[in-house]
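User: Please take a close look at a single part of this model, the backbone, with attention to unusual torsions and to strand pairing. A connected account would be preferred.

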Amino acid sequence: MSESINNREYRKKVIKDIIKQLHEGKTVEEVRMQFEKAFKGVSASEITEAEQTLINEGMPVAEVQKLCDVHASVFKGSIEDIHKDLDISLIPGHPTNVLKLENEVISNLITERIRPYLDVFPEGDSVVMLEAGLDELSRIHIHYQKKENLLFPYMEKHGITAPPQVMWGVDDEIRNEIKLVQDELTKGIENLEEFKRKVDHLTEKIIEMIFKEENIMIPMLLENLTQEEWKTIYDESPEIGFLIDDIPHWEPEEVLEELKEVQNAQHGLIHMPTGVFKLDELVKVLDTLPLDITFVDKDDTVKFFSQGKERIFPRTKAIIGRKVSNCHPPASVHVVEKIIEDFRSGKKDNEDFWIKMGDQYIYIRYFAVRGDTGDYLGVLEVTQNIKPIQDITGEKRLLSD
Amino acid sequence: MEEKTLDLNKTVYLLCTQDPHIMTILAKLGFSDILKPGMLGTAGRFMTIPKGAVLKKIEMDRIRKEFADNGYEIKE
């Protein structure tokens, strides 16, 4: 998250600057505008954090405290007040707002389209209706995927690791149980009471998850994430999808010019042993490859993924910089860790998997990436739908129309 | 014996760090997640006992009684 770090650095600089000016005798009113410009829409805890960093870096506490008057005049209240008054999850289009709206959809689905039919099951049209309700409920994976791939990475980045892991485990259980009751419903129910109990248990678990998301996860996120991080989450959410239509447009109040400059400065040439790429060429070349690639470096950190048009497994920018063990469901983490261990020790150089997914036949290959002297540089994951390739027969020697 | 109070408005994190015995009692009552490493310092900072009771479906009366039996005065 280089941009948010840069912004944090920038804000720290602004604070230092303002403190210096106060020291030189300027009045609160005089520096107020500068502060307002740099910190508008920024969470109070981020300001506190910036101040804390300055203190850690050796600035006397008393100096930093001079800023309190400035906060107070800008925010017309103390830090605690801002915390209480602002419910960010009410801002239309903000990722937490979308999350809550989706939870409403899920809980309505359960109370209106699942439980009533479960009560009278298998009378009348309840079988068909329950089937439809469960189908709809299985879309919950979209909601959970956004959480796991977009929100959890930031929680981890801010040092909150245990709650996402616990939550991900329960998400997996829920997805699994939905599938199980769906299967049972289509294949035939052995024990009616048992089946009803399972669906009941499942819906209970989902309602509990909603409670956890809204009462624990959202407050934790709101306390820790920066405006830029929320913006990234907002921008990347469509990649995974939504349970609601017409997501309101949300634009944080200020996207700093400085941020844009940093991004512009990144254009340049990449010199390789066998040629030279412009950055945009390299990006597009990798995206045009008929396969999806993801690279994890020697420290098990996700460094890069290509963005082909039809990615088989969605990836979001939030995973960049994240430990690979945090990017997989708890149930499969040990498999991933084993592969990496074998690559690192030199025991293996590649490991392949092939799975069926709808109409697609997915070939997932992992390669150890090694330097010239055989030193371990990381893992390259290559994923491809090989169905069209397997379907090839005969020959084609002429140009198609 | 010193005065022990259980403030239901305080977060579980605050309560348990100030008085670890509270954590033992909560775990015994069924708040098992509290013992998972890393949970108290994160999620616990946003949870109060009444909120947790809703989530875990543990009767507040049972909680009140258990703490009273352990010599706590309950502050609502």
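Analyst: In this predicted model, 25% of the 76 residues of chain B count as buried. The secondary structure of chain B consists of four helices and two strands, and the order of these elements from the N terminus is β-α-α-α-α-β. Of the contacts in chain B between residues at least 6 apart in sequence, 68% join residues at least 24 apart.

The backbone of chain A calls for a residue-by-residue reading. As a point of reference, most residues other than glycine have a negative phi, and most peptide bonds are trans. Against that background, the peptide bond from A:F121 to A:P122 is cis, its omega being near 0°. The proline of this bond, A:P122, is located in the loop between α7 (95-120) and α8 (126-137) of chain A.

Two aspartates depart from the usual sign of phi. For A:D246, phi is near 50°, a positive value in a residue other than glycine. This residue belongs to the loop that lies between α12 (227-240) and α13 (257-264) of chain A. A:D246 is classed as exposed because 7 other C-beta atoms lie within 10 Å, where the cut-off for exposed is 12 or fewer.

The second case is A:D300, where phi is near 70°, again positive in a residue other than glycine. A:D300 sits in the loop between β3 (292-297) and β4 (302-305) of chain A. Here 18 C-beta neighbours are found inside 10 Å, so A:D300 counts as partly exposed; a buried residue would need 20 or more.

The strand that precedes this loop leads on to the pairing in chain A. β3(A) is joined by six bridges to strand β7 (residues 376-385) of chain A, and the two run antiparallel. Within this pair, A:I293 has A:V382 in β7(A) as its bridge partner. β7(A) also pairs with strand β6 (residues 360-370) of chain A, in the antiparallel sense and over nine bridges. In that pairing, A:I362 stands opposite A:N385 in β7(A). β7(A) therefore has β3(A) as one partner and β6(A) as another.

β6(A) and β7(A) form a hairpin with five residues between the strands, and A:G374 in this hairpin takes a positive phi near 85°. A:G374 is a glycine, whereas A:D246 and A:D300 have a positive phi as residues other than glycine.

Technical notes:
Residues are numbered from 1 along each chain as its sequence is written. Chains are lettered from A and ligands numbered from 1 in the order in which they are written. This is a predicted model: local features need pLDDT of at least 70, side-chain atom pairs count only at pLDDT 80 or more; totals for chains, interfaces and linings use all residues. Two residues are in contact if their C-beta atoms, placed from the backbone, lie within 7 Å.
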